[in-house]
Protein chains: 2
Amino acid sequence: MSHKITIYDIAKKLNITAATVSRALNNNAKISEKTRILVQETAAKMNYKQNKLAQALKSGKSYNVGVIVPRIDSNFFASIIRGIEEELYSQGYHVIICQTYNNEQMEIENINTLLNAQVDGILMSISNVSIEKNASFNRLLAKNIPLLFFDRKKNIEGVSSITVNDFEAGYKATQHLIDEGCKRIAHLSNDRLFEIFKDRFLGYKQALIDNGIQFDENLVIEIKSNIEEGRKATKKLLSMKNPPDAIFSSSDWSALGAVQELKSQGIKIPEECCVVGFSNEPFTEFMELSITSIDQFPLEMGKQAAKVFLEQVNNGAHITTEKKIVLTPKLHIRKSSSRRDALNKK
Amino acid sequence: MSHKITIYDIAKKLNITAATVSRALNNNAKISEKTRILVQETAAKMNYKQNKLAQALKSGKSYNVGVIVPRIDSNFFASIIRGIEEELYSQGYHVIICQTYNNEQMEIENINTLLNAQVDGILMSISNVSIEKNASFNRLLAKNIPLLFFDRKKNIEGVSSITVNDFEAGYKATQHLIDEGCKRIAHLSNDRLFEIFKDRFLGYKQALIDNGIQFDENLVIEIKSNIEEGRKATKKLLSMKNPPDAIFSSSDWSALGAVQELKSQGIKIPEECCVVGFSNEPFTEFMELSITSIDQFPLEMGKQAAKVFLEQVNNGAHITTEKKIVLTPKLHIRKSSSRRDALNKK
DNA sequence: CTGTTAGCGCGTTCAA
DNA sequence: TTGAACGCGCTAACAG
């Protein structure tokens with residue numbers, strides 16, 4: 001194995017000091033143009049690569065940021081990460097991605113690992129409902145490295161967040177269904193200890209109220225965001241004496257489950273029952289029966305998160321003013337809820 | 001900000017030496033049970049966290065491995081990463097994920113960044129067809145840190161790889177279409193400088209030959225793996241005087257594009273044209289018209305890759321014997337190619 | 001403008 | 001069994 005060459009190697013070769021080499025390499029002001037070029041050229045010739053670890057140890061900066069998400073295999077989180085990367089990469093930062101698989105213990109371990117790795121900041125979408133009560137998390141807060149929430153946040157003093165207006169999203173989706181003529185609108189929710197799910201629910205409820213529709217809590221079912229539970233919940237809804245004529249789901253996956261169940265029971269979408277999902281996963285658009293969904297602009301969310309992080313590291317975290325950025329959601333209306341169109345065609 | 005506590009802090013408190021603390025913390029043999037416990041307890045009490053950076057600088061091991069993939073927002077790569085993580089996490093390793101977006105320049109930059117970050121190994125699916133000619137890549141080879149390919153590999157001496165038998169996959173898919181009664185089978189390929197695409201193509205060709213079907217190169221189109229190009233290619237195929245009665249695509253996304261185009265032209269699937277995709281992305285299963293596809297077992301691929309990596313770090317990379325692990329692909333037959341079933345029902 | 005010195009936090013000699 | 005000293009590779013303070 002080729003010996004790892006350091007600034008000392010190139011210093012020796014040039015009969016100068018390691019400090020001078022360092023200055024030359026870092027484009028320090030106090031260095032002659034001549035030696036700077038000389039050093040840089042020989043460094044290149046010798047295939048010198050800076051040891052980031054040593055630099056990090058010295059400077060206290062690792063130029064690594066940690067990103068914690070429930071999982072990466074959804075377009076939503078993958079797009080957020082892409083946004084973060086696109087913004088951070090040019091600034092020399094690198095992203096370490098951690099998945100929690102919605103496991104609270106994993107999330108804590110991830111935090112500890114990232115802290116040990118001396119990351120310069122952590123951007124996360126929390127999986128842990130009561131994270132503010134956790135010791136490791138509080139240790140993270142105590143350090144003054146930038147911490148940022150995106151999508152799934154907690155309201156914690158001094159911690160910035162980038163989210164989408166979930167209340168508005170829930171309201172828009174429900175209003176749309178009402179506009180399409182739906183009277184009994186069910187809602188597939190998720191654990192409402194998470195703000196995002198609570199807000200979607202509240203938006204849904206408010207839209208009903210504003211339109212003079214009685215809120216019926218039997219029409220709200222709390223499930224996990226997957227196909228299977230979407231199917232089961234829908235089956236349950238359809239077995240009611242007075243089944244719904246629309247389903248607004250907090251997740252595209254549950255919405256897909258709803259679509260499958262409705263079809264298997266021979267119920268026409270959107271004529272007999274409309275469906276609206278959430279997150280605008282690509283499949284909602286390209287299915288034969290395309291599914292109406294809410295766009296949360298994940299790419300933008302990631303970019304904004306990265307920008308706030310950069311502001312914080314550059315200003316010094318202690319001067320940080322808490323930022324709460326809220327994006328406006330967009331409803332993409334597709335076949336699964338275009339009831340009036342469908343009825344008019346007949 | 002709370003002062004970062006080091007082994008010196010806890011040494012001072014106990015009136016011992018940092019070296020002793022280090023030994024106690026690392027369960028070194030030469031230490032009394034008494035002090036070991038004492039140290040560990042006070043360490044815990046003081047909320048001591050080892051600085052991985054310093055340890056890494058000292059030991060030359062960062063306990064980070066780099067994973068380079070074209071992109072993470074497909075189930076295929078996300079599952080591979082999950083497999084890698086599941087295997088590595090328990091061994092104390094952490095994964096740094098890099099995306100190339102199929103950009104060769106990005107890939108080179110990623111390699112350099114990971115090397116600077118002093119990763120203990122790199123697991124990659126290459127985006128760069130001629131990577132073996134690249135200087136940074138050769139520098140990587142020259143170091144003796146474990147390097148591993150998965151899925152998209154290059155045959156390089158001493159470099160292990162975990163792949164799926166793409167030839168067999170192409171063969172199986174084509175044989176299946178022939179068994180379903182298809183006579184003119186088109187193939188949506190991709191850049192065949194990549195082994196995976198070349199092998200799928202060769203498997204396709206061989207199956208035709210073995211079944212006495214004339215190979216027609218006009219039926220093979222080289223495109224990128226996305227919906228749009230799948231549609232365009234299909235449009236082109238359909239405009240032939242003698243259009244195909246089946247399409248075997250090297251990608252699920254192109255297969256989806258093919259399905260869309262066929263439908264929009266009113267061609268019945270599978271009766272008039274069968275479609276087979278590749279990678280078994282979740283959507284192939286849950287579409288109304290489910291798409292036949294090849295399972296590459298990405299989770300298993302990731303786990304195997306991680307295991308080989310662990311063997312290499314533990315044995316010392318110099319003793320490395322090159323391993324070429326080849327998984328057996330599985331064809332999932334779905335509606336898009338179940339022509340006999342469809343015809344029998346009439 | 002350049003050299004000297006010191007230290008980031010840790011693990012590992014060599015002595016005691 | 002423990003302490004003292006050193007070095008991993010780099011940068012910053014201080015001199016000159």
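I began with a term: helix axes are lines fitted to C-alpha atoms, over the stretch in contact. The model I am reading is predicted.

**Entry 1: two helices of chain B**

I looked up how helix α5 (residues 75–89) of chain B meets helix α13 (residues 298–315) of chain B. Their axes are 7 Å apart, and the helices pack at an angle of about 40 degrees. I checked the word for that angle. Angles under 35 degrees count as roughly parallel and 65 to 115 as roughly perpendicular, with oblique for the rest. α5(B) and α13(B) are therefore oblique to each other. I noted the hand too: the crossing of α5(B) past α13(B) is right-handed.

Next I listed who touches whom. From α5(B), the contact includes B:Phe76, B:Ile80, B:Ile84 and B:Leu88. From α13(B), it includes B:Leu299, B:Met301, B:Phe309 and B:Leu310. I sorted this contact by class and found ten nonpolar, three polar and five charged residues.

**Entry 2: DNA strand D**

I turned to DNA strand D. Which residues come nearest to it? There are 25 residues around the strand, and the nearest are A:Ile7, A:Ser22, A:Tyr48, B:Thr20 and B:Arg23. I asked what part of the strand faces the protein. Of the strand D atoms within 4 Å of the protein, 61% belong to sugar or phosphate, and the rest belong to bases.

I then went through phosphate contacts. The side chain of A:Ser22 has an N or O atom 2.7 Å from a phosphate oxygen of strand D. For B:Thr35, a side-chain N or O atom is 2.9 Å from a phosphate oxygen of this strand. B:Thr17 uses a backbone N or O atom, 3.0 Å from a phosphate oxygen of strand D. Two or more residues each come from α1 (7–14), α2 (18–25) and α4 (52–59) of chain A, and from α2 (18–25) and α4 (52–59) of chain B. By class, I have nine nonpolar, eleven polar and five charged residues near strand D.

**Entry 3: DNA strand C**

I repeated the search for DNA strand C. It is surrounded by 25 residues, with A:Thr20, A:Arg23, A:Lys58, B:Ile7 and B:Tyr48 closest. Sugar and phosphate make up 62% of the strand C atoms within 4 Å of the protein.

I found a backbone N or O atom of A:Thr17 at 3.2 Å from a phosphate oxygen of strand C. A polar backbone atom of A:Ser32 is also 3.2 Å from a phosphate oxygen of this strand. I looked for a base contact as well. A side-chain N or O atom of B:Arg23 lies 3.4 Å from a base oxygen of strand C. At least two residues each are supplied by α2 and α4 of chain A and by α1 (7–14), α2 and α4 of chain B.

Technical notes
Residues are numbered from 1 along each chain as its sequence is written. Chains are lettered from A and ligands numbered from 1 in the order in which they are written. This is a predicted model: local features need pLDDT of at least 70, side-chain atom pairs count only at pLDDT 80 or more; totals for chains, interfaces and linings use all residues. Side-chain values use heavy atoms; hydrogens and water are left out. A residue is near a molecule or strand if one of its heavy atoms lies within 4 Å of it. A polar contact is a pair of N or O atoms within 3.5 Å; within protein, one must be able to donate a hydrogen and the other to accept it, and residues adjacent in sequence count only if both atoms are side-chain atoms. Helices (H or I, at least four residues) and strands (E, at least two) are DSSP runs, numbered from the N terminus. Ala, Val, Leu, Ile, Met, Phe, Trp, Tyr, Cys and Pro count as nonpolar, Asp, Glu, Lys and Arg as charged, and the others, Gly among them, as polar. Axes are lines fitted to C-alpha atoms, for helices over the stretch in contact, and angles run from 0 to 180 degrees between N-to-C directions. Angles under 35 degrees count as roughly parallel, over 145 as roughly antiparallel, 65 to 115 as roughly perpendicular and the rest as oblique. A crossing is left-handed if the near helix is turned anticlockwise from the far one by less than a right angle, and right-handed if clockwise. Contact means heavy atoms within 4.5 Å.
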